[in-house]
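Colleague: Before we discuss the aromatic contacts, could you put the model on the screen, so that we can go through it together?

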Amino acid sequence: MKTSIYARHRFHPDIIKRDVWMYFRFNLSFRDVEELMTERGVDVSYETIRRWVDKFGSTYAKRIKLRAEPPSPAWHLDEVYTKIDGEMVYLWRAVDEEGTVLDVVVQRRRNTKAALRWLRKLLKNQGIKPTRIVTDRLGSYGAALKLLGMKHLQDVGGRKNNRAECSHVPIRRRKRKSQRFKSVHKAQKLLSAHAQIYNLFNYRRHLITRDTLRKFRHQANLNWNLASASMCP
């Protein structure tokens with residue numbers, strides 16, 4: 001018999017799902033979510049909300065990814081540096097041509113070895129082969145793609161990689177609201193979950209009609225309810 005993922009939790013599953021949804025869906029801190037729940041008559045500590053986000057965020061993200069459509073074969077890769085616990089690290093990020101986040105990896109280097117590790121993980125987890133890989137002028141990308149026999153897919157130059165560079169904005173906002181990431185491990189776990197949940201609610205509303213937006217919202221909420229169900233359907 002399957003056991004509910006919310007077993008042995010004092011609060012009702014609907015409260016847990018709502019708190020995790022608010023944290024990932026909007027640019028809120030744990031204390032912000034606590035205040036919003038207090039206004040609704042639910043007395044829950046921000047530390048409890050933090051533990052819920054840490055525990056259930058990854059579970060929801062994995063379920064969302066299993067139901068997601070395959071990405072487009074044109075990939076945009078970029079890396080950006082940040083500090084975690086006083087140490088300089090790099091966030092390697094990949095999106096497709098529609099802006100869907102493919103994956104995020106936190107690494108301490110941005111040399112050929114790091115790029116190779118990043119590309120292998122990306123190829124393994126996407127389930128499709130890319131037809132074009134857009135990168136910036138970092139030499140590590142070319143060297144890693146050459147080792148993989150995919151150098152002919154690389155596309156470099158101009159502003160072709162703006163899509164990947166702009167995709168860092170939601171993460172920058174999340175980091176500022178959280179003040180900082182506490183460790184590489186926690187940053188990796190949070191960003192991986194954030195990427196899948198961000199994809200689910202990324203409607204690209206400036207490109208669609210109001211009626212289409214309603215349909216996309218309905219489908220996203222349906223998929224969220226399935227992902228946060230007590231037992232995986």
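**Aromatic pairs and helix 5**

Modeller: At 2% relative accessibility, Tyr23 counts as buried, and I should say at once that this is a predicted model.

Colleague: How many aromatic pairs does the structure hold, and what kind of pair do Tyr6 and Phe56 make?

Modeller: The structure holds 9 aromatic pairs. In one of them, the ring centres of Tyr6 and Phe56 lie 5.0 Å apart with their planes at 35°, and because planes count as stacked under 30 degrees and as edge-to-face over 60, this pair is tilted.

Colleague: Which parts of the chain does that pair link?

Modeller: Tyr6 lies in the segment before helix 1 (13-25), while Phe56, 50 residues apart from it, belongs to helix 3 (residues 46-67). Tyr6 is buried at a relative accessible area of 4%, and Phe56 is buried at 1%. The distant parts linked are thus the segment before helix 1 and helix 3.

Colleague: And what kind of pair do Tyr23 and Phe30 form?

Modeller: Their ring centres are 4.5 Å apart and their planes meet at 10°. Since planes under 30 degrees apart count as stacked, the pair of Tyr23 and Phe30 is stacked.

Colleague: Over which ring does the charged end of Arg31 sit?

Modeller: The charged end of Arg18 sits over the ring of Trp21, 4.7 Å from its centre. For Arg31, the charged end is 4.0 Å from the centre of the ring it sits over, that of Tyr46.

Colleague: Which residue just after helix 5 takes a positive phi?

Modeller: Within helix 5 (residues 139-147), the buried residues include Ser140, Tyr141 and Gly142, and strand 1 (74-84) and helix 4 (112-126) are among the elements that cover the buried residues. Just after this helix, a positive phi of about 75° is taken by Gly149.

Key
Residues numbered from 1 in each chain as written. Predicted model: local features only at pLDDT ≥ 70, side-chain atom pairs only at ≥ 80, totals over all residues. Heavy atoms only, no water. Buried < 20%, exposed > 50% of the residue type's maximum accessible area, 1.4 Å probe, protein only. Helix = DSSP H or I, 4+ residues; strand = E, 2+ residues; numbered from the N terminus. Contact = heavy atoms within 4.5 Å. Phe/Tyr/Trp six-rings, centres within 6.5 Å; stacked < 30°, edge-to-face > 60°. Lys NZ or Arg CZ within 6 Å of the ring centre and 35° of its normal.
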